[in-house]
Amino acid sequence: MKPFVCFNKVSHQYQSNTTHKVQALTDINFHINKHEFVAVVGPSGCGKSTLLKLITGLMSPSEGSVEIFGKTMHEPRNEVGIVFQKPTLLPWLSVLDNVTFPLKHQHGKVASEAKQYAMTLLKLVGLEQFAHQRPAQLSGGMQQRVGIARALILKPEILIMDEPFSALDALSREIMGFELLRIWEEEPKTVLFITHSINEAVLLADKVLVMSPRPGTVVEELPIDLPRPRNNTTLKHEKFAYYADILRDHIFQKHAALNE
Amino acid sequence: MPKRSSLPSLLFSMAALFTASLSLAADKVNFQLDWLPGGDKSPIYVGIDQGFFAEVDIEVRINQGRGSTEAITRIATGTSDIGIADIVALLQARAADNVPVKAVYSLLSQAPHAFVVKKEAGIQSVADVKGKKVATSPFTSSNIFLPLLLEKNGLKESDITLVKTDPGALGPMLITDATDVVISWLTSVDRYRSQAKQAGTELDVIPWYDAGLEFYATSVIASERFLKERPDVAKRFLSAFHKSVEFAFANPDMAAKAVNKKVPEADIPTAITTINSMRTLVYNSVSEKDGIGTITPERLQLTWQATAKAQNLNVTDFDPESVVDRRFYMEQ
Amino acid sequence: MNKALHRYLPILALLALIPLWELICYLANVPNYILPRPSVIYDAFINVDKMRWLEHLWATVRVAVLGFLLSIFISLPLAVLMVQSSFLNRTLFPLLVIIQSTPVVAIAPLLIVILGAGEAPRLAITCLITFFPIVVSTTTGMLSTPSELIDLSRSLKGSVFRQIWQIRFPFAIPHIFSGLKVGITLAIIGAVISEFVAAEKGLGYFVQFSTSYFKIPQAFAALLFLSIISLLLFQTIRWIQAIFFAWSLPAEEQK
C-alpha cells in the first residue's frame with residue numbers, strides 16, 4: 001500500500017532579494033502511512049512553516065516532490081485540513097458558523113446536512129452547547145477545539161497541525177493533547193503534528209521526525225513504540241523518558257555540533 | 001347644445017395655449033451677485049418684486065456670490081449671464097486673461113472705500129492718519145488702493161502701521177482702541193456704528209473719494225456670449241435694471257422688504273441703512289453730470305490708471321475701452 | 001440609578017457649562033460681538049423662524065450625509081484595490097495624500113467652475129475632506145487580517161471576492177468604524193466649508209451671512225446647532241456599530 005504523504009528529496013529556497021537566496025529546506029525524505037500520527041520537532045528556524053506550506057500545497061518545492069496518495073501536489077486539496085498555531089476564528093460568526101466556514105468559503109452556502117455534521121463535530125470536541133455563542137466568549141483551549149472541528153468539516157484524510165497548543169497554558173495543553181488523541185481514535189486521520197515540545201511529540205505520535213536548523217532537514221526518524229490508547233499513565237511508562245532522551249540528544253547534539 | 005359649449009371651451013383652451021406660449025416666451029436671465037444678498041443688492045430684488053423685469057418679458061434668477069472675482073468667473077463660464085462686480089476686478093481680469101466679460105452699466109460711480117475712526121480721535125482727513133495704527137481685512141479690494149491714497153495725500157506707507165486681521169475683529173479693535181483707524185466699505189460702516197453704540201462711542205467716516213481717489217466701482221457686467229446672442233434681452237434687462245435702481249433709492253423700505261421676502265436672513269432695518277449709506281456712491285456729482293449707468297471714457301481711464309498704479313501694471317499695455325460695451329444701455 | 005447618572009454625566013456637565021458661561025460673560029462684561037452670552041444666543045435662536053432653521057439644517061445635513069455616503073462608496077472599493085495590489089497601493093497612496101493635503105478651500109472655486117453651481121461641488125468638497133480617513137482605516141483593517149486566515153482561504157481555493165467579502169472586509173470592520181467616526185465629523189466640516197464657498201442655504205451659509213452682518217449671537221446659535229448635529233451623527237455611527245456589529249466593539253463596550 002502506498003504511503004498517504006511522501007516527501008521525495010524536497011529542497012526549497014527563497015529569493016530573499018535580487019542576489020541572495022535563502023535555503024530553507026534541504027533534501028527532506030519521509031513518508032506517512034494511513035492513519036499514522038507523525039510529529040515533527042525541531043528548534044526555531046528549522047523550516048517548519050515552509051514544510052507546512054509545502055504539504056498543504058500553498059507552495060511548490062524548488063526541488064523534489066511532495067506526494068499525497070501517490071500523486072504530486074500542485075495546489076491545495078480538500079483532503080488536507082489545517083489547524084493553525086492560533087485558533088484564528090472569525091469573531092463575527094458563531095461557533096457553528098466558524099466550523100462550517102470552509103464550506104461557505106468554498107461554495108458560498110452551507111447545506112443543512114453540513115450544519116448537522118458540524119454539530120456532530122462540535123459534539124466530538126465537546127462544545128455542542130456553545131454552538132451559538134461567539135468565539136470571544138470561549139477560552140483559548142475551547143477556541144482551538146473549534147479550530148480542530150473547522151479543520152475536520154471537509155472530511156480531510158490528512159490533518160496538518162501547526163503547533164496547535166503552543167498558545168495554551170501548560171495544564172490546558174496537556175488536557176488538549178489527550179483530547180486530540182481521543183478525537184483521533186474516534187475519527188482516525190493521518191496526522192502531521194508540528195511542535196516545539198518533545199514530551200508532546202512522544203506522548204502523541206507513532207513516529208517523530210527531528211529537524212535540524214538552517215538549512216532544515218530531517219536528521220532522525222524515531223518510531224515511538226508506546227501502547228495505545230495513551231493517557232496519563234503513558235507519561236509514567238518506562239520507555240517514555242527513554243524516547244524523550246533520544247530526541248533531546250538529537251536536537252542538542254546537532255546544536256553542539258553546529259556550535260563547534 | 002354640445003356645439004354651443006364647444007366654442008367657449010375652444011376659445012378657453014386657445015387662450016390657455018396663448019398664455020402658456022407667452023410665459024414660455026419670457027426670456028430667462030441668470031443674474032449674478034458679487035456677494036451675499038443685502039441692501040446693497042436690493043435693486044435687482046425690488047425690480048423683480050415690482051414686476052419691472054416681467055414688464056419687459058424677462059424672468060430673472062438670482063445667483064448669490066462670494067466676491068467680484070468669483071462673480072466674473074461665473075459669468076465668464078456661463079453659469080450666469082449678467083451680474084454685478086467691481087469694475088476694477090474686471091479691468092484686472094481682462095488685462096491679465098482677456099476673460100469674455102464686459103461692463104455695460106455703472107452702478108457705483110464712486111468707490112466705497114473709506115477710513116472709519118472714533119469721533120474723539122480727532123482724525124478728520126486722510127493726512128491725519130499719519131503715525132496711526134490702521135487695521136484692514138486681508139482680502140478687501142480696498143487694500144490695493146491704500147498706497148495710492150497715501151501718496152495722493154502726501155504720505156508714505158511707512159507713515160502708518162498696517163494690521164491685517166479678520167473682518168469680524170475690526171469693529172471690536174476700533175472700539176477697544178487696539179487700532180486707531182479701520183478700512184471699511186461705506187456700505188458696512190453702519191455695522192461698526194451699531195457696535196460703537198453698544199460701547200457708548202461714536203464714529204466718523206472719511207470716504208476716499210473725497211481724498212483724490214476718483215473712479216468707478218460696482219458695475220453691471222455681462223458675458224460677451226450673452227450680449228452677442230441676446231442683444232435685445234440685454235437692452236431690455238438694463239432698462240428694467242435702471243428703473244429698479246431709481247426705485248430702490250426712492251423707496252428704500254420697499255427695496256429692503258423685497259430682499260427680505262426672497263432672503264429672510266437679510267433683515268429689513270439693516271438693509272434700509274445699507275441702501276441709505278450707499279446713496280452717495282450712486283447719486284453724486286459724477287452721476288449728476290453723466291447720468292447713472294453711464295461709463296465715460298475719461299473716468300474709465302482714471303479707473304484703469306488707479307488700478308494699474310495700484311497693481312504695478314503698465315498703464316499703456318492695455319486699453320480700458322476694451323472692457324466696456326456701451327451699445328446696450330442708453331440714458332433715458 | 002448610579003448607572004443612569006454615569007450615562008448622563010457628560011450631558012449634565014455640558015449643561016452646567018451654560019450658566020457658568022452666562023455668569024462669566026456677565027461679570028466680565030464681555031460684549032456680544034466678542035462672545036455672546038447664552039441668553040443672547042437663545043434670543044437670536046428664537047428670533048429666527050423655525051422653518052428657516054429647519055431649511056438650513058436640512059440643507060447642511062443633506063450635503064454632509066450624502067457627501068459622507070459618497071465618500072464611503074468611493075473609499076471602500078479604493079481600499080480593496082489598494083489591498084489587492086501592492087502596485088496600486090504604492091501609486092495611489094501618494095496621490096491620496098496629495099489630495100488630502102490640498103486645502104479644499106483653495107480648489108473650491110475650481111470645483112464650482114467644473115461642476116456648476118448646484119449641489120455637486122458641495123458634495124465633492126465634503127467627499128474630498130471625508131474620504132481619506134475612511135480609505136486609510138479600511139486599508140489598515142484589511143491588511144491586519146491574520147495571515148493564517150489568508151492561508152486558510154488559499155488552501156480552500158476561495159475566490160478573491162470571497163476572500164475579501166468573507167474574511168478581509170469583516171476583519172476591517174472595527175477599523176472602518178474608527179474611520180467612519182472621524183469621517184462623519186469631517187463631513188459636517190466639509191459641508192460647512194462648501195457652504196462658505198457656494199450655497200444659498202445651509203447652516204454654514206447662515207453663519208457666513210450672520211457674521212458678514214455682524215450678527216454674532218445668531219452665528220453662535222448656528223454653530224451650536226452644528227455641534228449638536230455633529231454629536232448626533234457621530235452617535236448614529238456608534239449606534240449602527242453597536243446594533244449591527246456588536247462583536248467589533250471592545251468587550252467593555254458591548255453591553
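Contact means heavy atoms within 4.5 Å. By this criterion chain A and chain B of this predicted model do not touch, and their nearest C-alpha atoms are 50 Å apart.

**View 1. Arrangement of the three chains in the predicted model.**
Two pairs of chains touch, and the pair with the most contacts is formed by chains B and C. Chain C meets chain A through 18 of its residues, which contact 23 residues of chain A. Towards chain B, chain C presents 22 residues, in contact with 30 residues of chain B. Between chain A and chain B there is no touching pair, the nearest C-alpha atoms lying 50 Å apart.

**View 2. Overall build of chain C.**
Chain C comprises 10 helices and 0 strands, so that its elements, read from the N terminus on, follow the order α-α-α-α-α-α-α-α-α-α. The C-alpha trace of chain C spans about 70 × 55 × 30 Å along its principal axes. Chain C has 255 residues, of which 48% count as buried. Among the contacts in chain C with a separation of 6 or more, 71% are accounted for by residues 24 or more positions apart. The exposed area of chain C is about 13,200 Å², and carbon and sulfur atoms supply 73% of it.

**View 3. Interface between chain C and chain A.**
About 2,000 Å² is buried between chain C and chain A, with carbon and sulfur atoms giving 66% of this area. The count of salt bridges between these chains is 2. One of them joins Lys53(A) to Asp151(C), with the closest N and O atoms 3.8 Å apart. Residue pairs in polar contact between chain C and chain A number 9, both residues being at pLDDT 80 or more. On the side of chain C that touches chain A, the elements that give two or more residues are helix H7 (147–155) and helix H8 (160–197) of chain C. H7(C) gives the most to this side, with 7 residues.

**View 4. Interface between chain C and chain B.**
The area buried between chain C and chain B is about 2,200 Å², and 57% of it comes from carbon and sulfur atoms. In chain C, the residues that lose the most area to chain B are Tyr33(C), Tyr213(C) and Phe214(C), together 34% of what that side buries. Across this interface there are 2 salt bridges, among them the one in which the side chains of Arg52(C) and Glu265(B) meet at 2.9 Å, N to O. A further count gives 10 residue pairs in polar contact, both residues at pLDDT 80 or more. Helix H3 (50–84), helix H5 (104–115), H8 and helix H9 (203–212) of chain C each supply at least two residues of the side that touches chain B. The largest share of that side, 5 residues, comes from H9(C).

**View 5. Nonpolar surface patch of chain C.**
Leu5(C), Tyr8(C), Leu9(C), Ile11(C), Leu12(C), Leu15(C) and Ile18(C) make a nonpolar surface patch of about 650 Å². One of these residues, Leu5(C), is found in helix H1 (residues 2–27) of chain C. Leu5(C) has a relative accessible area of 41% and is therefore partly exposed. This value also lies over the 30% that a patch residue needs.

Conventions. Residues numbered from 1 in each chain as written. Chains lettered and ligands numbered in written order. Heavy atoms only, no water. Patch = residues over 30% accessible without salt bridge, like charges linked within 9 Å, V, L, I, M, F, W, Y side chains within 5 Å. Areas by Shrake-Rupley, 256 points an atom, 1.4 Å probe, with all protein chains shown as cover. Salt bridge = Lys/Arg side-chain N within 4 Å of Asp/Glu carboxyl O. Helix = DSSP H or I, 4+ residues; strand = E, 2+ residues; numbered from the N terminus. Buried < 20%, exposed > 50% of the residue type's maximum accessible area, 1.4 Å probe, protein only. Buried area = accessible area lost by both parts, 1.4 Å probe. Polar contact = N/O pair within 3.5 Å; in protein donor to acceptor, adjacent residues only side chain to side chain.
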